[in-house]
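Let's take a friendly walk through a protein model together. Have the sequence and the 3D view ready, and follow along one stop at a time.

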Amino acid sequence: MSKASTAFNVNRVKRQLEVWLGKDNVSAAEVDKICYSRDAWPLRLIRLGRLVLEYQPDLIVWPQTVEQVQKIVRLANQERIPLIPVSGAGGVAGGTLAVTGGIAVDLKKMNRVLEFDEHSLTVTVEPGILGQELEEYLEIRGYTSGHFPSSIFSSALGGFAATRSAGVLSSKYGKIEDMITGLEVVLPTGDLLRTKAVPRSSMGPDLKQLFIGSEGTYGIITELTLRVMPLPQATKFASFLFPDLTSGISAVKQIFRHDLKPALIRLYDENETRFVLGRFKSPPEGACVLNLMYSATKPLVQLENRMITKICKNTGSEDLGPGPSKHWWENRFDLYYPSSLNMGPGMLYDVLDVAASFANLEKMYWAMREAIEATGVSTMSHFSHFYPDGGNIYVIFIGHAGEPEAVETKYNEVWQVGLEAANQAGGTLSHQHGVGLLKADWMPIEHGASGFALLQAIKSYLDPNNILNPGKLGLGTAPVKQQKGGR
Ligand SMILES: Cc1cc2nc3c(=O)[nH]c(=O)nc-3n(C[C@H](O)[C@H](O)[C@H](O)COP(=O)(O)OP(=O)(O)OC[C@H]3O[C@@H](n4cnc5c(N)ncnc54)[C@H](O)[C@@H]3O)c2cc1C
């Protein structure tokens, strides 16, 4: 199944698109093609830093209405042209890269709030609105989306939905799939699918969940309705230092077993604890810090604070007061904007984002750490999303390998051994960052042969000409490693 290709008449298609969208909303400029050949996938950024030109679309378009998106999709389907949906281009897995050329459909000009329903506490938006733009719209009205990924300034609602993203306050507010009540999607035929924006339904399978996480391979999301919440009345920070990871995880389990859901709950391993506590304290060897933020009504914040302090003290921790947690919250974007991860020649870095049940979580942490550090790179990790039954691990790796080829070999080796260890420990291979090109080869391993065949069958049914984001999620093309540019 690999029917769409770059063998199309770019000039003729460009002229047609200019008629529909206006000249300003269609580009074949080299500079635009280079800009759209990257997202925030570290390996692509490392390669671009060496001026490796690859994964370029032939055209970039900026539609402003759903009707324009439908026209683009119908034309592409008729002419077998690959289409790559783009919202913020802040994905970290290569999801917006043009594996086989085609048209990048940037939805950033579809960034309006269409309706704010204060009775139902829902907001309906177009896909190109940045997370921060939506948050500002809501906050001046006394509400919050509750969705605070660290990419809130650079990623948009369509991308959040397409990658099943999770914000840093997910314990309280949920992940994007918990927030979305309704979707509008342009299917690969150009037809429109709308799911009803309702609190819940048992009319068969939930169709919106088919598109949440489909990374632009099943349809282009053109409208979303989301739950919102009133801004919290009160906020309080707390930090506790545990003698080791086991006692930290044990406290987190107790917190959930007492039916408590602090907005922020981040447990750092010993390596990242040294980094996080740097300005506050020199922690003893093996110690792990837990940062918390309570955000709710005043009585609930007081209750959470009292009960969680007791749980943490009973689990052998030292109360560090609000300082470390508050400092993290107030400075959490410093690392990203501007990016301090541009580390220079010879360096490699990235993050593995995995998740497992409590039964496997600590085992998975140690297995991954051991496997990754055995390749010669350093790691530091945190657990930033917890559930009553388990949590995620965010394993950051940083290393130096010298020559460009060695950097890429080492980078691929780290991912290979890291994900192998996570898989063997019973974890999922992505908690929040999605698949893109980076994890495409792992999809059959994650879902098993039958599960992956079903995802492929859905793709073939919806998109028989394979025009939508070919190669992403490992769907619709030959294995990614054989594609132009490889990984
Ligand atoms: C500094 C930084 C911090 C981050 N922190 C977090 C975090 O805290 N939590 C988290 O979950 N992620 C995080 N990420 C990852 C990233 O923000 C998410 O993957 C995000 O959901 C991507 O949104 P985007 O708008 O940038 O999507 P894009 O990069 O534009 O697209 C991502 C994928 O979705 C598809 N897509 C985009 N729009 C649509 C649409 N309208 N319809 C169909 N498909 C579409 C694209 O084709 C692509 O496959 C971070 C990234 C960075 C760079």
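A backbone N or O atom of G88 sits 2.8 Å from an oxygen atom of the ligand, which makes a good starting point. A polar contact here is a pair of N or O atoms within 3.5 Å; within protein, one must be able to donate a hydrogen and the other to accept it, and residues adjacent in sequence count only if both atoms are side-chain atoms. Two side chains also reach the ligand: a polar atom of S87 lies 2.7 Å from one of the ligand's nitrogen atoms, and a polar atom of S155 lies 2.7 Å from an oxygen atom of the ligand. How much of the ligand does the protein bury? Taken alone the ligand exposes 980 Å², and the protein buries 95% of that (accessible areas come from the Shrake-Rupley method with a 1.4 Å probe; for residues, only the protein chains shown count as cover).

Before going on, note that this is a predicted model, where local features need pLDDT of at least 70, side-chain atom pairs count only at pLDDT 80 or more, and totals for chains, interfaces and linings use all residues. Residues are numbered from 1 along each chain as its sequence is written, and side-chain values use heavy atoms, with hydrogens and water left out.

Now look at the shell of 34 residues around the ligand, in which P85, S87, G90, S151 and T163 come nearest (a residue is near if one of its heavy atoms lies within 4 Å of the molecule or strand). Helix α6 gives the largest share, five residues. Helices (H or I, at least four residues) and strands (E, at least two) are DSSP runs, numbered from the N terminus. Where does the ligand lie? Domain 1 (10-107 + 453-482) and domain 2 (113-230) both give residues to the shell, so the ligand lies between them. The domain assignment of the chain also gives domain 3 (234-330) and domain 4 (347-438), with bounds from an automatic or database domain assignment. The C-alpha centres of domain 1 and domain 3 are 43 Å apart.

Our last stop is S430, in the loop between α15 (404-424) and α16 (443-462). Its side chain makes a polar contact of 2.9 Å with the side chain of D353. A polar atom of the S430 side chain also lies 3.0 Å from the backbone nitrogen of G434. Leaving aside neighbours within four places in sequence, S430 is in contact (heavy atoms within 4.5 Å) with D353 and K439.
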